[in-house]
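Reader: I've got a new model open and would like to talk it through with you. Can you put it up so we're looking at it together?

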Amino acid sequence: MTRSNDVEQFLADARPARRLMLEAIDAVIREVAPDLTTGRRGRMVGYGPFHYRYASGREGDTFAVSMMDGAQALSVYVLGGEGDGYLTESRANRLGQVSVGKSCIRVKKLEHLDLDEFADLVRTAAEQLRTGALGSSPP
């Protein structure tokens with residue numbers, strides 16, 4: 001599968017030292033969720049755009065999966081829920097030597113991220129997007 005122009009430009013803008021990691025993570029995302037449309041918003045590239053609306057009235061647009069090349073680490077956001085919590089946070093102990101927030105995985109070295117577990121995480125988020133479960137409950 002070929003990359004979209006949004007992803008190509010994101011990779012072209014990346015620092016050379018970080019580009020290989022970005023390419024590898026992009027390849028995993030595209031392999032397990034090839035149907036996710038890509039887009040670019042500022043310093044982020046995203047996969048699977050969707051509109052969310054919470055019971056509180058808050059709403060907006062975001063992506064099921066997105067990446068941002070930060071100064072200290074690559075931030076990969078994988079949105080979704082699992083049980084009563086956040087999908088990414090609930091699987092933090094399986095993702096490797098990375099720092100995890102609610103939906104954010106901060107990766108300093110590619111070899112620190114368990115790519116098989118990451119692929120499963122992306123697969124789950126993509127399925128939640130397809131079924132309409134993503135963005136349907138309060139943050």
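Reader: Let's jump straight in with a helix: which residues are buried in α4?

Author: Bear in mind that this is a predicted model. Helix α4 covers residues 115-131. Counting as buried takes under 20% relative accessible area. In α4 the buried residues are F118, A119, L121, V122, T124, A125, A126 and Q128.

Reader: And what do the buried residues of α4 pack against?

Author: Both helices and strands turn up here. On the helical side, the buried residues of α4 pack against α2 (16-32) and α3 (87-90). The strands they pack against are β3 (59-69), β4 (74-78), β5 (81-82) and β8 (104-107).

Reader: How far does α4 reach from its first C-alpha to its last?

Author: Helix α4 has 17 residues. At 1.5 Å a residue, the expected reach is 24 Å. The model comes close to that, with a first-to-last C-alpha distance of 24 Å.

Reader: What about α2, how far apart are its end C-alpha atoms?

Author: Helix α2 has 17 residues, so at 1.5 Å a residue it should span 24 Å. The value in the model agrees with that: the end C-alpha atoms of α2 are 25 Å apart.

Reader: Which residues of α2 are buried, and what do they pack against?

Author: The buried set in α2 is R18, M21, L22, I25, D26, V28, I29, R30 and V32. Those buried residues pack against the helices α1 (5-13) and α4. They also pack against strands, namely β2 (44-53), β3, β4 and β8.

Reader: A24 is in α2 too. Does A24 count as buried, partly exposed or exposed?

Author: A24 is found in helix α2. Its C-alpha is separated by 9.2 Å from that of L115, 91 residues away along the chain. The relative accessibility of A24 is 22%, and buried would need under 20%. A24 therefore counts as partly exposed.

Reader: Over to S75. What is its relative accessible area, and which residues does it touch?

Author: S75 sits in strand β4. S75 is buried because its relative accessible area is 8%, and the cut-off is under 20%. Leaving aside residues up to four places away in sequence, S75 touches S66, M67, M68, C104, I105 and R106.

Reader: P49 is in strand β2. Which residues does P49 touch?

Author: With a relative accessible area of 43%, P49 is partly exposed. P49 and P34 are 15 residues apart in sequence, and their C-alpha atoms are 13 Å apart. Not counting residues up to four places away in sequence, P49 touches T37, T62, F63 and L129.

Reader: Zooming out, in what order do the elements run from the N terminus?

Author: The protein has four helices and eight strands. Starting at the N terminus, they run α-α-β-β-β-β-β-β-α-β-β-α.

Reader: What radius of gyration does the protein have, and what would a compact globule have?

Author: The C-alpha atoms fill a box of roughly 45 × 30 × 25 Å along the principal axes. For 139 residues, a compact globule would come out near 14 Å. The protein agrees with that, and its radius of gyration is 14 Å.

Reader: Last one: how far apart are the centres of the positive and negative side chains?

Author: The protein exposes about 7,400 Å², with 48% of it from carbon and sulfur atoms. As for charges, there are 18 positive and 19 negative side chains. The centres of the two sets lie 6 Å apart.

Conventions. Residues are numbered from 1 along each chain as its sequence is written. This is a predicted model: local features need pLDDT of at least 70, side-chain atom pairs count only at pLDDT 80 or more; totals for chains, interfaces and linings use all residues. Side-chain values use heavy atoms; hydrogens and water are left out. Helices (H or I, at least four residues) and strands (E, at least two) are DSSP runs, numbered from the N terminus. The radius of gyration is taken over C-alpha atoms; the globule rule is 2.2 Å times the number of residues to the power 0.38. Accessible areas come from the Shrake-Rupley method with a 1.4 Å probe; for residues, only the protein chains shown count as cover. Lys and Arg count as positive and Asp and Glu as negative; His and the chain ends are not counted. The place of a charge is taken as NZ of Lys, CZ of Arg, CG of Asp or CD of Glu. The expected span of a helix is 1.5 Å times one less than its number of residues. Buried means under 20% relative accessible area, exposed over 50%, partly exposed in between (1.4 Å probe, protein chains only). Contact means heavy atoms within 4.5 Å.
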